[in-house]
Amino acid sequence: MRLGGKILCIFTVLLIFFAGGGELRALGSRDDAIVGAKALIVEKRYNEALLLLTDFIRREPDLADEAEELIRRILVIRGNYYDIYEELIRVLYTEKNVERALELIARLESLDFNPNPEAVAALARAKDSARFIYNQEQFTAIMQEALVMLNRGDYWAAAARYLSGFGMGRESFEAGNYGDEVEARVESVIQSVRRGTEAFLAGEARQRQAAQALLSSSRGTDGVAFNRALSEYVEVFHSVSSMLKTSLFAASALSGQNDALTGSGHEDLYLGYTERFITGRQNSGAVEGIKGAAERLLRETSRPVVELIKGRAAALWEAGRVFAEKEDWEAALRSFAQSEGLTSEALRIASLWYETLPLEGSWLEADAWRVARAELPLFLSLTTLKTASQTSSRLARIMRPASAAGLVSREDAADLRSFRESLAGTQETLAALDTEWKNFTETTGNNPLSPEDAVSVSAAQGGDIAASGEKFTRLEVAILDRIAAEEIQSREAVLAGVRADYQKSRSLVEGLEQRVEESPGVYASRRAYYPREGLDILQGLSESLAGLEASTREALAAYEREPARLHRDLRLSEKMERARVQLNEIIEARARAASSAATARANLLQAERHKTEGTARLDDAQKAIAASDFTRARASLAAARRSFTSSLALQEDVSFRAGSDERLKSLDADMVEAQNRIVIAEVYSLREKGRSLYVEGDYDDAQEVLERAQKLWLTTHTEEEPEIAYWLSYVQNALLVSSYRSVLVTDPLYNEMNQLLSLARQNYLLAQDFISTGNRRDALVELRRADEKLIQVKKTFPSNQEASVLTLRVAFLRNSGDSGEMFRTMYNASLAKVNPNNRDTTQEAYTEIQDLQQINPNYPGIRGTINEIEILLGYKPRPPDQKALAEARRLYQQAYQIVARNDRAQFPIALEQLNRALRLDPESRQAVELKMRIEIEAGGDSITSVLSSAAEEQFRRAERHVSDGNFLAALAIVENLLRGSENRKYPPLLELKRRIESQL
C-alpha cells in the first residue's frame, strides 16, 4: 500500500469517528466492499461508506487503491474540516511517533461532547490502525530485507531477520483477552519455531561445510569420500528438514488459531505477522519466511548434487542396458548395482524433503503440498530410476542363465534339455516381473507429476522386460530347434543304420552272391542265404524302431505341449514336419522289417526241417553201412546230401556246412572202405576165374566173368580196374576174332548161311565117301557143288572160318594125291605174310594158319606159330621169361617199400608198379595181395556218393541249366567242378558231362 493511501485511510476513520457512528456492514470480499460503498455513496450515507471502506483497507491493505479513490470522492464531497487529523497523520506516518499520534487521538476524543458507543469503538479501532500502520512498515521492511538475503543465499541471516520480527503486534493479541490456554498454546508453537530457528542459526558453519563437501565429493570419483560427505550432509540437514517441518506445522497451527479467534475474514495481527515471518507472504511471488530459508537451503544445496547423481545413475543404467544387450552380465549387474546405489544415495537426500511433511493428524496444508509438489518430480524420477535399476538387475539375473553363450556350449540334446530345465519358470518370472513393473508404472510412473525422463525410463524398462521375454522365447526356440535338429540328426543316423541294417538283413534273407573255393584252387560263385543272421538283425531293428517310434512320438507330443508362442517359429515347424516324415519312415520300416522277419522265420524253419531230415538220412546210412546194405546206404547218403544242401540253400551255416560235409565224407569213406573190402575180394576172385577161362579158350565165359568183375569194380571206383581191363582186352580180342570168323546167331542171314554151310558139308562128306569107294567122278561133282555153296557164303562172310576151313578140306580132298605138299606150300605162304610192321598181312596170315591148323592140328610148329602170331597181334600176353619175372619182382619190391613206409602219397605209384609187375608175371600172388591191400587202405580212385555242399549246389545249377537247354553254361559249371579231384569221383557228374557233350 502506498503511504498516501494509508494516511487517507486513517484520516477517514477519524472523520467518521467524529461525524458520528453508523452501521458498518462487514463484507468479506473486495467486490462486496467496493460495490457496497458505492451504493452507500449514492444514498448519501457517507459515514457508513467510509466505515465500510476503511474496514476493507485494514483487512486488505495491499488491495486498497480503489477503496482509497472512493474515500477521496467522499472527502471531496464533505470537505476537509479537521486539520488536527493532518498533524496526526504526519506524526504517525512521517515522524513515526506513535505516542504523539495517540495524544492527538485523545484530543480528538475529548472534542466529542456527546460520544456514542460506536464512536468510542471507532477511536479504539483507530488506535489499532495506528499501531497496524507502524507494524506494517516494520513488517514490510523485515520481509524485504530478508528476501534480499534469501536471494543472495544468506539463508541464516534471512532466518535471523525473520526471527527478529517475532512479537510484532503482541499488544493486540494481549488486548484480545483470549485466555491463558490459547495464549499458552500459541506461545508453545511460536517457541518451537524459535528453538528450531536458533538451532538452524547455530549450525550454519556445519551446514555450509556439509553442503560444500557433498557437492565437491559428488563431482569426484572417491566413493568413500562421497559416502562420508553424504552421511554428514543427511545428518546435518535433518535439522533443516526438521525446522522446515516445524515451520509448516507452526504456520498451520497459527493460521488455524487465528481463524478460531477472529472468525473468517479477520485475523489477529500478532498471529498474522508471526505466521508470515514463518511462511512468508502469500502474494509476494517468492519463497519467503523461516520456512523459505530452510526450503531454499535444502533445494539449492541438494538439487545440484541430486541432479548430478541422477545423471550418473541414469548413465550407469543405460550402460547396464548396453552390457545386458551384449550379454556381459557381470558388467551389466555392476552398472545396475551402481545405478541403484547412486539413486538410493540421491533419495536419501531427496527424502529430507519428505521428512518435512507433517504426519500428525490428517491434513496437508497447501504450502506443505507446494513444497512436496515442487520436489515430487525429482523424487519420482529418482524412484523410477532406482526401481528400474533394481528391476534391471533382477532382469539380468533372470536372463543371465538364459544367455545365448550358454546355448553355444551345450553339446547334445540331453545337455540342452538340462539347460532348458535350468531355465524352468523363467518365462513366468519374466511375466511376474512385467506385471510388477506395470503396477509400479500405474502407481508411480504414470503419475501426472512424473517428469519426462521418468516416463522415458519407465517406458524403456517396460520395453526391456518385453524384449527379454521375446529374447527368452527366441532362446527357447533356439534350444528346441537344436534339440529337434540333434534328435532329427540322431534319428537320421539311427535310420541310416536301420536302412543299412535292413538292407544287410534283406541281403542276408534274400541271398548274397559269394565266391567260394570248392576245392584247392577251384572257385565258384553261389548265392548264400542267412535268414538266422538276418532275423537277428531284424529283431534288433524291430526293438530299435519301436523305441525310435516311441521317442519320435513323444518328441512330437512334447512339441504340441509347448506354448503357442513357440509354435509360431517356422524353424520348429519345419523340424516337426521332418520328424513326422521320419515317423512315417519308421512305421514303414517296422512293417518292412516285420515282413522280412516273417520270411526269415519261414525259411529258417524250412531249413531246420531239411536239416532234421538230412540228419535222419545220415543215421539211416550209418545203419545200412553197418548192415553192408550199400545200395541203401548210398541212397541215404545222397538223400542226406540233398536235404543238407536244401537246408544250406535256405540258411547258410559255415559250421554246419563244414560239419555236414565232414560227416557225409566220413560216412561215404566208411561205406566205400566197407564195400571196397568186399568188392576187391570179389573182383580179384573173378579175375582169377576169368583169366583161367581165357587160358582155357572159353572166351565167352571169360568175358562174362571179367565184365562182371569190372562192373562190380565200378560200383566203388570211377576208373576201370587196369588188370581186369588188361585181361578183358585179350578176351575181347579173341572174341572179336571169333565173331569175325563166324556167323552170329543174331545175324539176319544166320539161318540161310548156316543152311548153305550144312549143305556144303553134306556135299563134302558125300565126295569123301565117293573118294573112298573110288568114285572120283561123282566125288568131284559133289565137291563142285560144295564149292558153289561155300562161294555164296564167302561172298557175304569172306572171313567165315567154317566156310574157309571147309573150302580147304574140299581143295585137299580134290588133290588128295598131293595134299601133303599142298599143305606145306600153303603154310609157308601164310607164314611169309607174318610182319610185325604190317598188322593186316599178319592178321591175314593168322587167319590162314588157324584154318590150316583145323586141317592138320599136329603139323610141326603150327601151334607155336599161332601162339606167336596171337602175341604179336595182342590176342594174348607173352608168357613171362626169367627177365620179365625178375623185373616183376623188382617192381613188387619197390611197391612193397612204399606200403611199408605207409607213404600214402606214393600209393598210386605203387599201384602202377604192381600193375606192371602183374603183366609181367600174372601168376604173382604176392603182387595180387599187395595190390588188394593198397586198394583197400587207400581207396584208390574209389567213387564218392556225395559231393561237398558247395559242389552239390553247383551241380544242381548245372542240372537246371541242362533242363533249360543252356548247355554251354552247364558245361562251364561241370568243367569247373571236374577241376576238383574229389568231384571227378562222383559218377552223376561224369554222366551229366556225357549228357551235355552229347547235346553239343
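**Entry 1: the pair H20 and H21**

I began with the residues that join two helices. From H20, I listed Glu487, Arg491, Val494, Leu495, Val498, Asp501, Tyr502, Lys504, Ser505, Leu508 and Val509 as meeting residues of H21. On the H21 side, I noted Pro531, Glu533, Gly534, Ile537, Leu538, Leu541, Ser544, Leu545, Leu548, Thr552 and Ala555. I then sorted this contact by class and recorded 13 nonpolar, 4 polar and 5 charged residues. I note here that the model is a predicted one.

Next I looked up the geometry of the pair. Two packed helices are described by the angle between their axes and the distance between the axes. H20 covers residues 452-510 and H21 covers residues 531-561. I found that their axes come within 9 Å and cross at roughly 155°. Because angles over 145 degrees count as roughly antiparallel, I entered H20 as roughly antiparallel to H21. I recorded the crossing of H20 and H21 as left-handed.

**Entry 2: the pair H11 and H14**

I turned to helix H11 (residues 204-219) and helix H14 (residues 289-325), whose axes come within 10 Å and cross at roughly 15°. Since angles under 35 degrees count as roughly parallel, I entered H11 and H14 as roughly parallel to each other. I recorded the crossing of H11 and H14 as left-handed. H11 contributes Gln207, Ala211, Leu214, Leu215, Ser218 and Arg219 to the contact, and H14 contributes Leu297, Thr301, Pro304, Val305, Leu308 and Arg312. By class I noted 7 nonpolar, 3 polar and 2 charged residues in the contact of H11 with H14.

**Entry 3: the nonpolar cores**

In soluble globular proteins, nonpolar side chains tend to be buried together. I looked up the largest nonpolar core and found that it holds 95 residues. Which of its members touch the most other members? I noted Tyr162, Tyr233, Phe237 and Phe277. Helix H12 (residues 223-262) gives the most to this core, with 13 residues.

I followed Tyr162 further. Leaving aside residues up to four places away in sequence, Tyr162 touches Ile142, Met143, Ala146, Leu147, Leu150, Phe277, Glu288, Gly289 and Ile290. I also recorded a second, separate core of 35 residues, with Ile680, Val705, Leu728 and Leu914 among them.

**Entry 4: Ala33**

I located Ala33 in helix H2 (residues 30-42). Is Ala33 buried or exposed? Its relative accessibility is 1%, so I entered Ala33 as buried. I also noted that Ala33 and Phe56 are 23 residues apart along the chain, with 6.7 Å between their C-alpha atoms.

**Entry 5: positive phi values**

Most residues other than glycine have a negative phi. I looked up two residues with positive values. For Glu327, I recorded a phi near 65°; Glu327 sits in the loop between H14 and helix H15 (329-354). For Asn902, which is not a glycine, I recorded a positive phi of about 55°. I placed Asn902 in the loop between helix H34 (882-900) and helix H35 (907-920). With 42% relative accessibility, Asn902 counts as partly exposed.

**Entry 6: the chain as a whole**

Last, I looked up totals for the protein chain. I recorded 39 helices and 2 strands. Of the 1000 residues in the protein chain, 46% are buried. Among contacts between residues at least 6 apart in sequence, I noted that 72% join residues at least 24 apart.

Definitions and conventions
Residues numbered from 1 in each chain as written. Predicted model: local features only at pLDDT ≥ 70, side-chain atom pairs only at ≥ 80, totals over all residues. Heavy atoms only, no water. Core = buried A, V, L, I, M, F, W, Y, C linked by side-chain atoms within 4.5 Å. Buried < 20%, exposed > 50% of the residue type's maximum accessible area, 1.4 Å probe, protein only. Helix = DSSP H or I, 4+ residues; strand = E, 2+ residues; numbered from the N terminus. Contact = heavy atoms within 4.5 Å. Axes fitted to C-alpha atoms, helices over the stretch in contact; angles between N-to-C directions. Parallel < 35°, antiparallel > 145°, perpendicular 65-115°, else oblique. Left-handed = near helix turned anticlockwise from the far one by under 90°. Nonpolar A, V, L, I, M, F, W, Y, C, P; charged D, E, K, R; others polar.
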